[in-house]
Amino acid sequence: MVDTKVNLSGWELDNPIIPSSGTFGFGKEFAELYDINCLGSFSFKGTTRDPRFGNPTPRIAECHAGLINSVGLQNPGVEHVIAHELPELGTYFKKKVIANVSGFSIDEYAYTCEQLGKQDCVGLLEVNISCPNVRHGGMSFGTNPEAAAEVTSAVKQVTDKPVYIKLSPNVTDIVEIAKACEQAGADGISLINTMLGMRIDIKRRKPVIANRMGGYSGRGIFPIALRMVYQVYEAVSIPIIGMGGVSTTEDVIEMMLAGASAVQIGAANLIDPWICKKIIEKLPETMQKYGINSLKEIIGGAHNG
Ligand code: SIN
């Protein structure tokens with residue numbers, strides 16, 4: 001009998017599989033397909049203080065090995081999420097969830113985290129300083145170590161829940177930003193968000209996406225995400241949630257060997273909505289195949305050589 005349990009800042013998860021924010025909504029549509037209580041947890045739709053309509057359409061462009069999105073943080077706002085989404089979520093998901101938070105100012109991040117941090121169903125806060133699709137917010141906090149540290153310490157002051165900072169790969173040195181977050185009190189790091197990309201419609205001679213550019217995710221970014229998890233693991237001593245193009249049980253094991261304590265699955269949910277369930281069911285067999293008794297024991301295992 002293999003042990004698939006993992007631990008994030010004192011919170012024990014049955015397994016490391018976590019659907020990523022923005023690819024799983026509040027879980028409702030997926031709960032109609034299968035019992036989502038098999039998941040380790042899930043990171044719900046990125047929430048801001050105020051409701052947001054999002055970016056103009058088209059917002060999605062298909063690519064080789066993935067897709068580009070420019071959703072623009074569409075969400076109903078924190079008040080609605082607390083009053084409606086979370087109570088409903090509690091009827092079909094019995095575990096704690098990850099609250100993904102975005103913002104346009106330090107005060108906004110702090111306010112939204114304070115409100116969501118008070119909710120019993122929230123196991124940890126994932127603070128997104130890496131959305132590439134909005135101006136004056138999102139990624140602008142995640143491309144500068146001082147700004148990343150400022151958001152981190154502001155959020156830490158308003159909640160007792162663990163705070164994980166979600167980082168952008170669209171930077172020269174992700175390690176420097178991860179270290180700044182750790183020094184400012186972050187309990188963990190989530191990485192990576194999407195990579196800035198674009199497609200052009202040859203017939204129209206125009207960008208496919210109305211906002212011209214967007215975040216590229218899917219299998220194509222897996223080696224880059226893996227490399228960044230590996231580098232950040234060597235520089236920080238807080239847990240890492242690894243993500244970026246993860247689509248198979250082997251990808252999950254690789255992410256954990258690179259240094260991830262848990263693994264998020266994003267774009268793959270959009271291709272196969274049962275993918276997380278399939279990966280969870282196959283995990284024990286894959287662990288046996290590679291002689292792994294406990295997933296906790298392999299975290300960072302590729303750094304030994
Ligand atoms: C979006 O809403 O534009 C995507 C969120 C993100 O990339 O952080």
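Biologist: Where does I192 lie, and what makes its neighbouring elements strands?

Modeller: I192 is in the loop between β9 (188-191) and β10 (195-197). Strands are DSSP runs of E with at least two residues, helices are runs of H or I with at least four, and both are numbered from the N terminus. This is a predicted model, in which local features need pLDDT of at least 70 and side-chain atom pairs pLDDT 80 or more, while totals for chains, interfaces and linings use all residues. Residues are numbered from 1 along each chain as its sequence is written, and side-chain values use heavy atoms, without hydrogens and water.

Biologist: What makes the peptide bonds before I192 and P58 stand out?

Modeller: Most peptide bonds are trans. The bond from L191 to I192 is cis, with omega near 10°, and the bond from T57 to P58 is cis too, with omega near -5°. P58 belongs to the loop between α1 (28-31) and β4 (60-63).

Biologist: What makes A65 worth a mention?

Modeller: Most residues other than glycine have a negative phi. A65 is not a glycine, yet its phi is positive, about 60°. A65 sits in the loop between β4 and β5.

Biologist: Why do G72, L73 and N193 count as polar contacts of the ligand?

Modeller: A polar contact is a pair of N or O atoms within 3.5 Å. A backbone N or O atom of G72 is 2.7 Å from a ligand oxygen, and a backbone N or O atom of L73 is also 2.7 Å from a ligand oxygen. For N193, a polar side-chain atom lies 2.9 Å from an oxygen of the ligand. The ligand alone exposes 260 Å² (Shrake-Rupley method, 1.4 Å probe), and the protein buries 88% of that.

Biologist: How do you know which residues surround the ligand?

Modeller: A residue counts if one of its heavy atoms lies within 4 Å. The residues around the ligand include N69, V71, N128 and C131. This shell has 4 nonpolar, 5 polar and no charged residues.

Biologist: Why is the ligand's space called a pocket?

Modeller: On a 1 Å grid over the protein atoms alone, a pocket is an open set of points where a 1.4 Å probe fits, with protein on both sides within 12 Å along at least five of seven lines; its lining residues have an atom within 4 Å of a point. A molecule sits in one if more than half of its atoms lie within 2 Å of the grid points. The ligand takes the space of the largest pocket, which holds about 660 Å³. Among its 33 lining residues, S21, G22, T23, N69 and T194 are closest to the centre.

Terms used. Polar contact = N/O pair within 3.5 Å; in protein donor to acceptor, adjacent residues only side chain to side chain. Nonpolar A, V, L, I, M, F, W, Y, C, P; charged D, E, K, R; others polar. Points joined across faces, edges and corners; volume = space filled by probe spheres on them.
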